[in-house]
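Here are some comments on the model, set out as numbered points. They begin with a single residue and then move to the fold as a whole.

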Amino acid sequence: MGSFTLFLAGNVSSALINLTSIPLLGQPLLNRDFAGREIPALTTAMKMAVNSNWGTRDKEAGSRYDYKGLYDFLMDHAALKHTMVREIMEGGRQSSAEFNTLGAKVMNLLSLPFSATEEYNRATIGIAAYKLAIDNPQMVPKEYRSEEGAKEYALRLVKDVNTSGMAATGPSESRTILCSHNDCLPLCIRNSACICSVYQRRDS
């Protein structure tokens, strides 16, 4: 909570830097499965994610993409709105009364830039991963080759790139000896980097 308040709360530059998780973490992880096809998918996803209503689109006749279903699926798994900011803010409060204090309201306001960029990151990665899995089923593991499987694949990628609690609740790659500590914000970034390195070792 202290680190967030001192270095990230209300800091627009930190919020903008947060957007780099798409090219620095999301793209390499998607490249592992799609070998370059992820670039146009990410570009399309970034344009879609700008609009907060992307998840309200019903599946059109003849379309392969059920974006409303994807949005509902990710929301059901707390993968879109449950940001690192929310974890930090809620984790630092001991009673329901603390959520309504003036200080809490100010912190909620200051957290908006960072929270907004993380929500954007999550939506972008989710949309791109889902679209890629639907378009290229032969390039993902068998369990991800159906409509529901593509949503599961999107959920996995969103968690791998964005989940701040990786050391406790994230994928198994983040729960290694080197990646098991998550007691300050820089280590959240390290956890994500650990996942990339594990994937690279598997391919080498």
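1. Is Ala78 buried, partly exposed or exposed? In this predicted model, Ala78 has a relative accessibility of 40% and so counts as partly exposed, the range for that class running from 20% to 50%. Ala78 sits in the loop between helix 5 (67-76) and helix 6 (84-91). Its phi is near 55 degrees, a positive value in a residue other than glycine.

2. Ala35 can be read alongside it. Ala35 also is not a glycine, and its phi is positive at about 50 degrees. The residue belongs to the loop between helix 3 (21-34) and helix 4. With a relative accessible area of 61%, Ala35 is exposed, because the cut-off for that class is over 50%.

3. On confidence, the mean pLDDT of the chain is 76, and 59% of the residues score at least 70. Among the elements, helix 4 (residues 38-49) has the highest mean pLDDT, 96, while helix 10 (residues 166-169) has the lowest, 41. Over residues 164-186 the pLDDT is below 50, although this stretch has 53 contacts in the model beyond near neighbours in sequence. Where pLDDT is low, the predicted coordinates should not be read in detail.

4. As for the overall make-up, the chain has eleven helices and zero strands. Of its 204 residues, 46% are buried. Taking contacts with a separation of 6 or more, 67% are between residues 24 or more positions apart in the sequence.

5. Helix 8 (residues 112-135) deserves its own point. Its 24 residues should span 34 Å at 1.5 Å a residue, and the end C-alpha atoms are 34 Å apart, which agrees. Of those 24 residues, 19 are buried, so helix 8 is largely enclosed by the rest of the structure.

6. Which residues of helix 4 and helix 8 make the contact between them? The two axes come within 8 Å and cross at roughly 135 degrees. Helix 4 and helix 8 are therefore oblique to each other, and their crossing is right-handed. On the helix 4 side the contact is made by Glu38, Ala41, Leu42, Thr44, Ala45, Met46, Met48 and Ala49. On the helix 8 side the residues are Tyr120, Ala123, Thr124, Ile125, Ile127, Ala128, Lys131 and Leu132.

7. Helix 5 also packs against helix 8. Here the axes come within 11 Å, crossing at roughly 125 degrees. That angle makes helix 5 oblique to helix 8, and helix 5 passes helix 8 in a right-handed crossing. Tyr67, Leu70 and Leu74 of helix 5 meet Gly126, Ile127, Tyr130 and Lys131 of helix 8.

8. Helix 9 (residues 147-162) is another partner of helix 5: their axes come within 10 Å and cross at roughly 50 degrees. The pair is therefore oblique, with a right-handed crossing. Helix 5 contributes Gly69, Leu70, Phe73 and Leu74 to the contact, and helix 9 contributes Glu148, Lys151, Glu152, Ala154 and Leu155.

9. Leu74, in helix 5, takes part in the contact with helix 8 and in the contact with helix 9. Its relative accessibility is 0%, so Leu74 counts as buried. Leaving aside neighbours within four places in sequence, Leu74 is in contact with Ala79, Leu80, Gly126, Ala154 and Leu155. The C-alpha atoms of Leu74 and Val158 are 8.9 Å apart in space, although 84 residues separate the two in sequence.

10. Where in the chain does Gly55 lie? Gly55 is in the loop between helix 4 and helix 5. Its relative accessible area is 4%, so Gly55 is buried; the limit for that class is under 20%. Not counting residues up to four places away in sequence, Gly55 touches Tyr67, Lys68 and Tyr71. Of these, Tyr67 is also one of the helix 5 residues that contact helix 8. From Gly55 to Asp72 the C-alpha distance is 7.5 Å, for a separation of 17 residues in sequence.

Definitions and conventions
Residues numbered from 1 in each chain as written. Predicted model: local features only at pLDDT ≥ 70, side-chain atom pairs only at ≥ 80, totals over all residues. Heavy atoms only, no water. pLDDT = per-residue confidence, 0-100. Helix = DSSP H or I, 4+ residues; strand = E, 2+ residues; numbered from the N terminus. Contact = heavy atoms within 4.5 Å. Buried < 20%, exposed > 50% of the residue type's maximum accessible area, 1.4 Å probe, protein only. Expected span 1.5 Å × (residues − 1). Axes fitted to C-alpha atoms, helices over the stretch in contact; angles between N-to-C directions. Parallel < 35°, antiparallel > 145°, perpendicular 65-115°, else oblique. Left-handed = near helix turned anticlockwise from the far one by under 90°.
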